[in-house]
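Please open the model in your viewer and keep the selection panel at hand. The stops below are meant to be followed in order.

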Amino acid sequence: MSLHTNLAGRLRNTSLPKSHGLLPVFEAVVNSIQSLEEADRLSTGQITLEIVRNPQQQMHSGKEAEQEIIKGFIITDNGVGFNDANMTSFETLDSDHKIDKGCRGIGRLMWLKAFDLAKVDSIFHHNGNFHQRQFSFSAQNGVQSEPVADVSDKTARTVLTLDGFDKTYFSSCRKTASAIAEALLEHCLWYFVRNPTIPCIVVKDGSETINLSTIFDQCMHSKATSEPVKIKEHSFELTHIKFRASVNKNHSMFLCAAGRVVKEEFISKKVPGLFGTISDNDGKFTYACYVTSPYLDEHVRSERTAFNIPENIDDLTSDLEVSLSEIRDTVVSKTKEYLSEYLQENMKAGRERVDAFVAHKAPRYRSIISHMNESELTVDPKISDKDLELHLHRQYFEVESALLDEGHEIMNPVVESNFEEYQSRLSDYLQKANDFKQSDLTNYVSHRRTIIDLLEKNIEQLDNGKYAREDLIHQLIMPMQKDSTQTPLDACNLWLIDERLAFHDYLASDKPLTSMPITGSESGKEPDLCALNVCDNPILVSDKKSLPLASITVVEIKRPMRNDAKSGEEKDPIEQALNYLDRVREGQTKTATGKLIPNSRDIPGFCYIICDLTPTVVQRCRIFDLTPTHDHMGYFGYSKSYSAFIEVISYNQLVQSAKERNRAFFDKLGLPTT
């Protein structure tokens, strides 16, 4: 029974990713190399890859230099040619001709995925005579051949023309002659490394000619080194190559099949110390490992764009299958051994980068860094603070997760377990847990250092000679238009003013009455216990749910260097705070639970005014008979008529006082306090 092939249908079922548009061209060059091998002409062989451009169209985008659009390619070689055996193979899909060389018999299908038309003009030797075979190949017409003719030309050759480069593939491929030549060398590199003789392969683009052997010599830092390895029962060969640093390649692993590169993976982050360029006695280089194996040859997909190999294998006892992760782990392990003497300096510099960052900018990790994987603590010394923080946070999370998992086991011991062993495990676990608690405390103290720095920056004069608005400073102390039902305690920084303010029952910040569900007021101006004056951005704190209230605190924040204070609630921050306190005591407001506050003049009041001691503010302090602090950076006093303690705090005093209260913690962590 004969089977018929639908060429158009077969092309639809053939995969060629858009980023692999040059693969059919490179595979044609590999075919030429094999043709020269078959003719026993490698040492004298000549292969030319000519780029054919369309001079009528120009491309004006992309990072590479402007080039005329590529119309197609012409590949010429002086190999064995399209003799009868090769032609029969060409006309047979999935042919097993040259299967011993890893050929899958679908290369010509790849031509038609990226190009409209392929034309072949070949002269070959047969029975003492030379013959010429010409044919075309397209999706619409299949193979259309001219009769084979005798020729007087005694030179075997094949000219393959690939015409009508699909614009989708063109837009995703390399476009300059040098870039295409480098990509071709990378695809065929195994031939250059393996063979003492390699045909002359050149890339031609108009008047420009590039010899791949020249590029190879320029790229190679030193001679390649091969190493056989076993993965389960399968044999692999690793070829370690050092490229000159000027090539600007990444440190990579290349999985090959049938002498071609199929898959590339960057391995810099998998090998400690393998980042940037590394050096030996001959200078700087980048590293590549080429992996070959009969196993890879057998499991490569027909299009040679990937492997039919799973990332992981569930049955780890199987000796028949190898996973990509096992291959990768083997390569990483052997790479560490091969590069060990070159990586020491990088590893030292990377660890020093982590230690310096932890010591000066992220002390929270200091107590738990000993529990992290050592290989993850060797980073690129050029890594940014942001990326390093994210990296350490990921490691922190992994260690913390493992600790939680261990904690469940520790706290639910097996009855039959050895007591001494359990006691030792418990001791180790408690030490880890203690280290994490120290880390949490360190993180909190570091946060305080950052908040003080931000406050100090916000009270400085701006470039335009003005000062920051009070709402910027307000946001540092507590988010505006929020209350304690909407804002967690750790989002507030009331400790900047007074550590005791952290212990409150209810707190409201810059909220008008009409937005508060706990009041029945229709007014947008009159404040109550849970609302703050919109214009003046006060902060109100109560420290007790039950009635009567234990105390009420009002905080007023003014723009730095504001110098317009005068008598009247609208202009005097001291009057504003006291009058606000008075309204609360007069029973005009409700508690956080909705209860009316009884009219009581006995509720202690605390008023904090945060502002600079400008002349008008100093004058208002004297009128209220307030006493200067010993450092003359603030005023304090008690108003009998309002039964309230008043404290006017300058911004300099606010920063200085916060630093002094936290100095012991900062010193312990090695954080600067000046």
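Begin by selecting S340, where helix 9 bends by about 80 degrees; bear in mind throughout that this is a predicted model. Then extend the selection to residues 324–360, the whole of helix 9, and compare its ends: the end C-alpha atoms are only 41 Å apart, whereas a straight helix of 37 residues would span 54 Å at 1.5 Å a residue.

Next, move to the largest pocket, which holds about 860 Å³ of space. Select R174, E182, A183, E186 and E264, which are the closest to its centre among the 31 residues that line it. To see where the wall comes from, colour helix 2 (23–38), helix 6 (177–194), helix 7 (212–219), strand 12 (252–257) and strand 13 (260–266), the elements that each give two or more residues to the lining of this largest pocket. Which element gives the largest share of that lining? Helix 6 does, with 6 residues. If you then colour the lining of the largest pocket by residue class, you should find 15 nonpolar, 9 polar and 7 charged residues.

For the last stop, turn to the second largest pocket, with a volume of about 430 Å³. Select S268, K269, T378, V379 and D380, which of the 18 residues lining this second largest pocket are the closest to its centre. Colouring the lining of the second largest pocket by class in the same manner gives 6 nonpolar, 7 polar and 5 charged residues.

Key:
Residues are numbered from 1 along each chain as its sequence is written. This is a predicted model: local features need pLDDT of at least 70, side-chain atom pairs count only at pLDDT 80 or more; totals for chains, interfaces and linings use all residues. Side-chain values use heavy atoms; hydrogens and water are left out. On a 1 Å grid over the protein atoms alone, a cavity is a set of points where a 1.4 Å probe fits but cannot get out, and a pocket is an open set with protein on both sides within 12 Å along at least five of seven lines; lining residues have an atom within 4 Å of a point. Grid points are joined across faces, edges and corners, and a volume is the space filled by probe spheres set on the points. Helices (H or I, at least four residues) and strands (E, at least two) are DSSP runs, numbered from the N terminus. Ala, Val, Leu, Ile, Met, Phe, Trp, Tyr, Cys and Pro count as nonpolar, Asp, Glu, Lys and Arg as charged, and the others, Gly among them, as polar. The expected span of a helix is 1.5 Å times one less than its number of residues. The bend at a residue is the angle between axes fitted to the seven residues ending there and the seven starting there.
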